[in-house]
Amino acid sequence: MYSEESPEWTWETLRYAYLRRSTVVVVAARSLSLEEEEEEEEDKTVIEELDPSAIIEAKEKETIQLEHHIVYSTSYQVPVLYFKAYYQDATPLSLQEIFQKIVPGIYHDQVMISQTEHPLTGTPCWFIHPCDTQKLMNIIQFESLDYIKTWLSFAGPIVRCQIPKEMFDVTSGKNTCTQQQP
């Protein structure tokens, strides 16, 4: 289980414009590898001998900072969802940790996530591979003005980028995308 705010999307402009949003999710704490657990056990033994009250219990939950970007791929001619994921101490998540902490289990065998250089910022980023996006969008019926939110309703939940239900409620009038001021 996790909690997530519903942040707004903003337009960012470099060479080209793209959509960006940042959010924080709370997930189960990192588990240690077997080697780290053995090292920690050795460390605990030493600490216990010196000061038993110095043992710190492991956190049950921790915070992950997620940044999502929607960038148009000229090669695939579809939007691509790029993302960065960091622990609170600024340590980036590995691919294994992304599948453990970010991607819900139902998607593990259905999605291809890779790391690459962001096409606009030049920084390392993860992304959901867009190879099947065109085929998916061709079989779904939607209004052409709803392309991004329809696509994001499929791609977003894979990396905890849910869109508010209000976006599909034409009576709410809520605008969830804002223009960034220069």
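Biologist: Where does arginine 21 sit in this model?

Modeller: Arginine 21 lies in strand β2, which covers residues 17-28. Keep in mind that this is a predicted model.

Biologist: Why is arginine 21 called buried?

Modeller: Its relative accessible area is 2%. Buried means under 20%, so arginine 21 earns the label.

Biologist: What does the side chain of arginine 21 reach?

Modeller: The side chain of arginine 21 gets to the backbone oxygen of arginine 160, at 3.4 Å. A polar contact needs N or O atoms within 3.5 Å, and 3.4 Å fits that limit.

Biologist: Which residues does proline 7 touch, leaving aside those up to four places away in sequence?

Modeller: Arg21 again, plus Ser22 and Thr23. Proline 7 itself is in the segment before β1, the strand at 9-13.

Biologist: And why does proline 7 count as buried?

Modeller: Proline 7 has a relative accessible area of 18%. The cut-off is under 20%, so proline 7 is buried.

Biologist: How far is proline 7 from isoleucine 163?

Modeller: Their C-alpha atoms are 9.3 Å apart, although 156 residues separate the two along the chain.

Biologist: Let's do the cysteines. Is cysteine 161 buried or exposed?

Modeller: Cysteine 161 is at 0% relative accessibility. Since buried means under 20%, cysteine 161 is buried.

Biologist: What makes cysteine 131 partly exposed?

Modeller: Cysteine 131 comes out at 41%. Exposed means over 50% and buried under 20%, with partly exposed in between, so cysteine 131 takes the middle label.

Biologist: How many disulfides does the structure hold?

Modeller: Zero. A disulfide needs a pair of cysteine sulfur atoms within 2.5 Å.

Biologist: What makes β5 and β6 a strand pair?

Modeller: Five bridges join β5 (residues 113-117) to β6 (residues 124-128). Pairing takes at least two bridges, so these strands qualify, and they run antiparallel. Threonine 116 stands opposite cysteine 125 of β6.

Biologist: What links those two strands?

Modeller: They form a hairpin with six residues between them, and glycine 122 in the turn has a positive phi of about 80°.

Biologist: How many helices and strands are there in the protein?

Modeller: Four helices and seven strands. From the N terminus on, the order is β-β-α-β-β-α-β-β-α-α-β.

Biologist: And how much of the protein is buried?

Modeller: Buried residues make up 34% of the 182. The protein exposes about 12,000 Å², with carbon and sulfur atoms supplying 52% of that area.

Note on methods: Residues numbered from 1 in each chain as written. Predicted model: local features only at pLDDT ≥ 70, side-chain atom pairs only at ≥ 80, totals over all residues. Heavy atoms only, no water. Buried < 20%, exposed > 50% of the residue type's maximum accessible area, 1.4 Å probe, protein only. Contact = heavy atoms within 4.5 Å. Polar contact = N/O pair within 3.5 Å; in protein donor to acceptor, adjacent residues only side chain to side chain. Areas by Shrake-Rupley, 256 points an atom, 1.4 Å probe, with all protein chains shown as cover.
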